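Q: I'd like to learn how to read a structure feature by feature. Can you walk me through this one?

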Amino acid sequence: MNEKPEKLINKKGLRLDGRKADELRPVKIEVGILSNADGSAYIEHGKNKILAAAFGPREMHPKHLSLPDRMVLRCRYHMAPFSVGERKSPAPSRREIELSKVIRECLEPSVFVEYYPRTGVDVFIEVLQADGGTRCASITAASLALADAGIPMRDLVVACAAGKIDDTVVLDLFDTEDKVGCADVPVAFMPNLNAVTLLQMDGILKPEEFEKAVSMAIDGCKKIYELQKEALKTKYMLIEQEEEVEE
Amino acid sequence: MPTYFEKKQLVTPGEMLAEGDYLAGSNTYTEENKVYASRIGLADLDNKQVNVVALRSFYFPKVGDIVIGTVLEVGFSGWTVDIKAPYTALLRASDVLSRPFKPQNDELSQVLNGGDLIVAKIASYDRSHDPQLTVGEPGLGKITRGQIIKVTPSKIPRVIGRKGSMISMIKQETGCQIILGVNGVILVTGKNPEDEDLAMAAIQKIEDESHTSGLTDRITQFLKEEKTGGKQE
């Protein structure tokens with residue numbers, strides 16, 4: 001879809017990929033798929049395909065970056081050269097550096113960083129295929145990777161975006177909608193604590209549209225959260241059943 | 001004061017476990033009088049205390065733990081030791097020599113060199129200092145013979161079994177000495193390598209099948225079968 005479509009929503013109220021305004025793309029999540037990482041997760045959010053791996057807590061290298069009172073969380077968001085239509089240079093771009101920071105800051109409130117002073121945890125996020133909303137899918141996967149590494153957390157962080165296309169507020173924009181549409185509002189959320197850890201806005205929205213977008217994104221987050229918990233539990237489900245037999 | 005879980009229910013980080021007059025046990029935390037899980041694991045209620053048995057965790061040093069470590073580096077007045085924790089541990093020369101250490105008389109690399117394995121106890125550890133080890137007790141010190149097997153630290157209690165049933169059974173059946181490091185490293189020393197291999201195979205089996213029921217019985221049977229099988233060959 002290189003040509004700019006004139007309308008993003010057809011007469012029936014359906015979007016270019018046939019979704020309704022408040023419908024998510026199909027999401028598939030798997031946990032613990034990399035044997036060399038302490039924790040890992042893989043997410044397919046629509047056409048997005050993202051791998052996340054967590055290492056640690058381990059000694060900080062270089063040592064002078066460690067903090068005396070808490071653990072340091074480091075994130076690296078990276079897009080593979082083949083993840084987008086036009087080859088992307090593998091060197092970290094301005095956008096990737098910014099996203100790394102944004103993702104780190106939205107995960108940090110969920111982790112008990114004060115438990116493990118002078119240590120570091122590294123999270124590596126590799127986007128294998130991108131189709132809009134990679135930062136949200138990355139956050140969802142990265143949080144699972146941390147949980148899979150056994151790092152104590154307040155809650156899982158889940159993210160979802162909402163935006164405005166053709167004067168309608170819709171949930172979970174994909175690439176074309178993101179580029180052609182009017183606005184994009186990614187939200188990261190901790191459902192059990194009812195706390196927002198990331199809120200960005202790209203574009204122009206009226207105040208009431210913004211409020212609608214945020215509440216829509218949070219509803220989307222809650223739906224993905226169920227899938228996220230399910231994915232984490234699936235890996236350990238077998239263990240639980242067998243443990244019950246023993247009782 | 002309700003609880004929101006059944007015994008041994010699988011819970012994820014952030015799941016609310018109880019509300020009201022409950023205490024937060026292992027792998028849980030409280031906020032606004034509610035108890036939440038902080039790790040993936042199995043929830044359990046012990047009197048008023050809510051615990052989660054973690055299914056994923058890592059070794060974190062605690063004073064008094066017996067660990068097995070690898071010497072990383074020989075320093076000026078001691079050694080740095082890898083104990084598979086987020087921190088490297090320190091072992092002081094005066095502790096090993098059990099007398100004041102004089103740099104002009106003692107050559108540290110002749111006592112312990114890089115790559116040597118030691119059984120040690122964590123003598124001190126707090127938030128601002130790296131763990132310090134001691135070998136000044138019987139059974140501790142440099143490992144001179146035997147074999148090493150590494151398991152996930154959270155599975156050490158499984159290797160021990162209820163009141164040590166599993167470990168004493170393996171010791172009896174194979175005639176091996178087994179030292180368990182709380183950090184997930186296990187030392188097996190036997191009269192001959194065959195005995196050691198057998199004990200290691202049993203421990204590996206425990207790690208692979210640690211969540212199945214009747215494990216002690218199955219390991220006993222496995223050891224007996226292996227022993228008779230070995231004789232026939």
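## Reading the two chains

A: Sure, and let's begin where the chains meet: the contact draws 32 residues from chain A and 26 residues from chain B. Sorted by class, the side of chain B that touches chain A has 11 nonpolar, 10 polar and five charged residues. Keep in mind that this is a predicted model.

Q: How many helices and strands does chain A have, and in what order do the elements run?

A: Chain A has four helices and 10 strands. Starting at the N terminus, the elements go β-β-β-β-α-β-α-β-β-α-β-β-β-α. The radius of gyration of chain A is 19 Å, close to the 18 Å that the globule rule gives for 247 residues, so chain A is as compact as a globular protein of that length. Along the principal axes, the C-alpha trace of chain A spans about 55 × 50 × 35 Å.

Q: What share of chain A counts as buried, and what share of its contacts between residues at least 6 apart joins residues at least 24 apart?

A: Of the 247 residues in chain A, 46% count as buried. As for the contacts in chain A between residues at least 6 apart in sequence, 71% join residues at least 24 apart.

Q: Now the sheet. In what order do the five strands of the open sheet in chain A sit?

A: The general idea is that strands of a sheet pair through backbone hydrogen bonds, either parallel or antiparallel. Here the five strands of chain A form an open sheet in the order S1-S2-S3-S5-S4, with mixed pairing. Strand S1 (27-31) and strand S4 (72-79) of chain A each have a single partner strand, so they stand at the edges and one side of each is left without a neighbour in the sheet. From one strand to the next, the twist averages 15°.

Q: Which residues of S1(A) are on the covered face, and which on the uncovered one?

A: In a regular strand the side chains alternate between the two faces of the sheet. In S1(A), the covered face holds A:Val27, A:Ile29 and A:Val31, while A:Lys28 and A:Glu30 are on the uncovered face. S1(A) runs antiparallel to S2(A), and five bridges join them. A:Ile29 has A:Ile43 as its bridge partner in S2(A).

Q: In which sense do S2 and S3 of chain A pair, and what packs on the sheet?

A: Strand S2 (residues 39-45) and strand S3 (residues 48-59) of chain A pair in the antiparallel sense, over seven bridges. A:Gly39 stands opposite A:Ala54 in S3(A). On the sheet packs helix H2 (residues 134-148) of chain A, which touches S1, S2, S3, S4 and S5 of chain A and has a direction about 150° from that of S2(A). Helix H1 (residues 94-107) of chain A lies across S4 and strand S5 (119-129) of chain A, and runs at about 140° to S4(A).

Q: Where are the cis peptide bonds before A:Pro57 and A:Pro62?

A: Most residues other than glycine have a negative phi, and most peptide bonds are trans. A cis bond joins A:Gly56 and A:Pro57, with omega about 5°, and A:Pro57 sits in strand S3 of chain A. The bond from A:His61 to A:Pro62 is also cis, its omega near -5°; A:Pro62 belongs to the loop between S3 and S4 of chain A.

Q: And the positive phi values: is A:Asp172 buried or exposed?

A: A:Asp172 has phi near 55°, positive in a residue other than glycine. Its place is the loop between strand S7 (168-171) and helix H3 (175-180) of chain A. A:Asp172 counts as buried because it has 27 C-beta neighbours inside 10 Å. In chain B, B:Asn27 has a positive phi of about 55° although it is not a glycine. B:Asn27 lies in the loop between strand S3 (23-24) and strand S4 (28-31) of chain B, and counts as buried because 23 C-beta neighbours are inside 10 Å.

Q: Last one: what span does helix H5 of chain B reach, and which of its residues are buried?

A: Helix H5 (residues 193-208) of chain B has 16 residues and reaches 22 Å from first C-alpha to last, close to the 22 Å expected at 1.5 Å a residue. The buried residues of H5(B) are B:Glu196, B:Leu198, B:Ala199, B:Met200, B:Ala202, B:Ile203 and B:Ile206. B:Asp208 is also in helix H5 of chain B, but counts as exposed because it has 11 C-beta neighbours inside 10 Å.

Terms used: Residues are numbered from 1 along each chain as its sequence is written. Chains are lettered from A and ligands numbered from 1 in the order in which they are written. This is a predicted model: local features need pLDDT of at least 70, side-chain atom pairs count only at pLDDT 80 or more; totals for chains, interfaces and linings use all residues. Two strands pair if DSSP finds at least two bridges between them. Helices (H or I, at least four residues) and strands (E, at least two) are DSSP runs, numbered from the N terminus. Axes are lines fitted to C-alpha atoms, for helices over the stretch in contact, and angles run from 0 to 180 degrees between N-to-C directions. Two residues are in contact if their C-beta atoms, placed from the backbone, lie within 7 Å. The radius of gyration is taken over C-alpha atoms; the globule rule is 2.2 Å times the number of residues to the power 0.38. A residue is buried if 20 or more other C-beta atoms lie within 10 Å of its own, exposed if 12 or fewer, and partly exposed in between; C-beta atoms are placed from the backbone. Ala, Val, Leu, Ile, Met, Phe, Trp, Tyr, Cys and Pro count as nonpolar, Asp, Glu, Lys and Arg as charged, and the others, Gly among them, as polar. The expected span of a helix is 1.5 Å times one less than its number of residues.
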